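Student: I've just opened this one and would like to know where the labels come from. Could you take me through it?

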Amino acid sequence: MGRRFPAIVLVLAATACGGGRKTTSNGVPLLAGALVPASTTMVTAWDIPQDPLKDSSLDDSRLSKDIKWGYKLFTDTPHEARQYSPGKMSCSNCHLNAGQRERSLPLVAVAGMFPEYNRRSGRLYTLGDRIVDCFVRSENGTEHVQIELFVEVLLGDLRQR
Ligand code: HEC
């Protein structure tokens with residue numbers, strides 16, 4: 001337990017632009033402009049409605065860089081955070097379409113749900129606590145790994161979901 005690991009700042013981004021976009025890149029209708037519909041097939045498997053790596057409103061600022069890094073961390077976890085993901089899974093292997101698919105553990109607007117009571121731990125959880133749980137339980141990180149993780153979900157017009 002005594003080992004210290006560097007903090008990971010995860011900025012999970014569903015950024016603010018893209019208002020008015022009504023279809024995925026394959027022309028499939030989006031749910032009111034936010035999530036990839038659960039009803040669609042594998043044709044939308046790689047659609048990312050809000051992709052920070054393609055978002056021209058992001059600049060060279062620290063915040064923009066963190067948002068892009070957070071997105072990479074989410075979609076390529078074994079590469080970006082190897083020591084925390086011995087199971088070699090990316091967050092997006094479970095939270096499909098980078099957490100932007102309906103009924104596939106979407107995370108858009110999730111920041112607004114925290115803090116919330118976590119029955120398993122018997123205490124109030126921050127969003128950071130919840131992510132640490134996914135690292136420990138879903139990514140198979142060991143209980144000894146100390147992870148400080150801060151997630152900022154940038155929602156913009158998606159906040160209305
Ligand atoms: C093996 C599958 C799996 C992986 C990999 C995984 N998760 Fe999860 N995640 C889940 C499941 C299942 C839940 C819902 C659990 C529950 O309802 O308590 C969840 C819940 C969450 C929640 C809370 C959502 C809510 O509505 O309260 C967050 C935030 C989250 N995960 C983030 C992450 C992040 C960040 C990563 C990558 C570091 C990750 N997850 C990797 C399966 C996974």
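Tutor: Let's go through the labels one at a time, keeping in mind that this is a predicted model.

Student: Okay, what is the overall layout of the protein chain?

Tutor: From the N terminus on, the elements run β-α-α-α-α-β-β-α-β. That gives 5 helices and 4 strands. Buried residues make up 31% of the 161 residues.

Student: Why is K88 called exposed?

Tutor: Count its neighbours: K88 has 12 other C-beta atoms within 10 Å. The cut-off for exposed is 12 or fewer, so K88 counts as exposed. You'll find K88 in the loop between helix 2 (77-80) and helix 3.

Student: What makes the backbone at K88 worth a look?

Tutor: Phi of K88 is near 60 degrees, which is a positive value in a residue other than glycine. R103 also has phi near 60 degrees, and R103 isn't glycine either.

Student: And how do you know whether R103 is buried or exposed?

Tutor: Same recipe. R103 has 10 C-beta neighbours inside 10 Å, and exposed means 12 or fewer, so R103 is exposed. R103 sits in the loop between helix 4 and strand 2.

Student: Why is A38 only called partly exposed, then?

Tutor: A38 has 13 C-beta neighbours inside 10 Å. Exposed stops at 12 and buried starts at 20, so A38 lands in between and counts as partly exposed. A38 is in the loop between strand 1 (8-10) and helix 1.

Student: Which residues does A38 touch, leaving out those up to four places away in sequence?

Tutor: A38 touches R101, E102, R103 and S104. Take R101: along the chain, A38 and R101 are 63 residues apart, but their C-alpha atoms are separated by 6.6 Å. For the chain as a whole, residues 24 or more positions apart account for 58% of the contacts with a separation of 6 or more.

Student: How do you know what span to expect for helix 1?

Tutor: Helix 1 has 14 residues, and at 1.5 Å a residue the expected span is 20 Å. From its first C-alpha to its last, helix 1 reaches 20 Å, close to that expectation.

Student: Which residues of helix 1 are buried?

Tutor: They are I67, G70, Y71, L73, F74 and T75. Each of them has 20 or more other C-beta atoms within 10 Å, which is what buried means.

Student: What makes a group of residues a nonpolar core?

Tutor: The members must be buried, of a nonpolar type on the list, and joined through C-beta atoms within 7 Å. The largest such core has 13 residues, and Y71, F74, A98, I131 and F135 touch the most other members. Helix 1 (62-75) and helix 5 each supply at least two residues of this core. Apart from it lies another core of 5 residues, including A34 and L107. In soluble globular proteins, nonpolar side chains tend to be buried together.

Student: How many residues surround the ligand?

Tutor: There are 18, and the closest are M89, C91, C94, C134 and S138. Helix 3 (91-94) and helix 5 (127-138) are the elements that give two or more residues to this shell. Helix 5 gives the most, with 6 residues. By class, the shell has 12 nonpolar, 4 polar and 2 charged residues.

Student: Last one: why is the peptide bond from F114 to P115 called cis?

Tutor: Look at omega: for this bond the angle is near 0 degrees, and the bond is cis. P115 is in the loop between helix 4 (96-99) and strand 2 (116-118).

Terms used:
Residues numbered from 1 in each chain as written. Predicted model: local features only at pLDDT ≥ 70, side-chain atom pairs only at ≥ 80, totals over all residues. Near = placed C-beta within 6 Å. Nonpolar A, V, L, I, M, F, W, Y, C, P; charged D, E, K, R; others polar. Expected span 1.5 Å × (residues − 1). Contact = placed C-beta atoms within 7 Å.
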